[in-house]
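Got the viewer open? Let's take a short tour, one selection at a time.

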Amino acid sequence: MKIELASSYGFCFGVKRAIKIAESAGNAATIGPLIHNNEEINRLAINFNVKTLNGINELSDEKKAIIRTHGITKDDLAKLKQSSIDVIDATCPFVTKPQQICERMSEEGYDIVIFGDENHPEVKGVKSYSHGRVFVVLEENELDDIKLKQKVAVVSQTTRKVEKFMQIVNYLMLRVKEVRVFNTICNATFENQEAAKELSKRANIMIIIGGKNSSNTKQLYLISKNFCKDSYLIESEDEIDKEWFKNKELCGISAGASTPDWIIQKVVNKIEKI
């Protein structure tokens, strides 16, 4: 059986930057998980004494607080900056962008539509920057019963599929006089998705590596599953079942934007042994 890695996979710019920031800071606490990968968070805790808090209410005697890649709400950030703690911002620049857009466009009187998961920390943070009405949707029909203004600005969660984003944009274009569209989907997300799509069309089995609470990893899995029915989402090599690979000729591998190379290599090594 041949093993082939997708042409684009794994750590994105924002995650690489956040890991470097956390390693340099050391002896700090992150507000929420720094990234969506438990194995890497454990490594940072063991090697750099970077612990994870669920929110700013859990801060006690910490001297340094690191803002996770997904960002936090505007109010929480303001409270942190008013305290004596050293605030280190590791928010991905691609996440900061929709925050700024929502703030600016709402100040200009636009309704805001965010394509994304309302419960995701990135979306919660982006939503908090709006001064006016803001609606978070995953499907265009969620807007059916909402009377929108004739001025709407639309952004996307950075890890969503561009095709679905365009469906929501088209829906708004047919119903609203002025639609300002800001494509805030991360380039790395798009490239990883396209690479997974191409590989899954040829593979007999696809292994997607990454946190099961990671939005971009789940998107990779769903894309792969659409073209390769034997697709599996795993967080580490311990989840691999050798029965998956019986009579398979090509095993494709991709990984989410929060998945470090050392985890990917462990998975590849185990599959090679099988």
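Before you click on anything, here is a cut-off for the stops ahead: a residue is buried under 20% relative accessible area, exposed over 50%, and partly exposed in between. Keep in mind, too, that this is a predicted model.

**Stop one: Lys74 and Glu103**

Select Lys74. Its relative accessible area is 27%, so Lys74 falls in the partly exposed class. Now add Glu103, which forms a salt bridge with Lys74; the closest N and O atoms are 2.5 Å apart. Follow the chain from one partner to the other and you'll see that the pair links distant parts of it: Lys74 sits in helix α3 (residues 74–82) and Glu103 in helix α4 (residues 93–107), 29 residues apart. Glu103 is partly exposed as well, with a relative accessible area of 22%.

**Stop two: Glu118 and Lys127**

Next, show the side chains of Glu118 and Lys127, and zoom in on where they meet in a salt bridge, at 2.6 Å from N to O. Buried, exposed or partly exposed: which is Glu118? At 39% relative accessibility, Glu118 counts as partly exposed. Lys127 gets the label partly exposed too, at 28%.

Keep the salt-bridge theme going and pick out Glu4, Glu198 and Arg202, which are joined into one network by salt bridges that share partners.

**Stop three: Arg202 and Glu4**

Stay with two members of that network. The side chains of Arg202 and Glu4 make a salt bridge, 2.7 Å from N to O. Why does this pair tie together parts that are 198 residues apart in sequence? Because Glu4 belongs to strand β1 (residues 2–5), while Arg202 lies in the loop between α7 (187–200) and β10 (205–209). Arg202 has a relative accessible area of 38%, which makes this residue partly exposed.

Want to hunt for others? A search of the whole structure turns up 14 salt bridges.

**Last stop: the largest pocket**

Switch to a surface view and look for the largest pocket, with a volume of about 190 Å³. To find the spot, select its lining: Pro33, His36, Arg68, Asp117, His120, Pro121, Arg160, Asn213, Ser215, Lys218, Gln219 and Leu222. Which element gives the most to this lining? Colour helix α8 (residues 215–227) and you have it, with four residues contributed. Finally, colour the lining by residue class: you should get three nonpolar, five polar and four charged residues.

Conventions
Residues numbered from 1 in each chain as written. Predicted model: local features only at pLDDT ≥ 70, side-chain atom pairs only at ≥ 80, totals over all residues. Heavy atoms only, no water. Salt bridge = Lys/Arg side-chain N within 4 Å of Asp/Glu carboxyl O. Helix = DSSP H or I, 4+ residues; strand = E, 2+ residues; numbered from the N terminus. Buried < 20%, exposed > 50% of the residue type's maximum accessible area, 1.4 Å probe, protein only. 1 Å grid on protein atoms, 1.4 Å probe; cavity = no way out; pocket = protein on both sides within 12 Å on 5 of 7 lines; lining within 4 Å. Points joined across faces, edges and corners; volume = space filled by probe spheres on them. Nonpolar A, V, L, I, M, F, W, Y, C, P; charged D, E, K, R; others polar.
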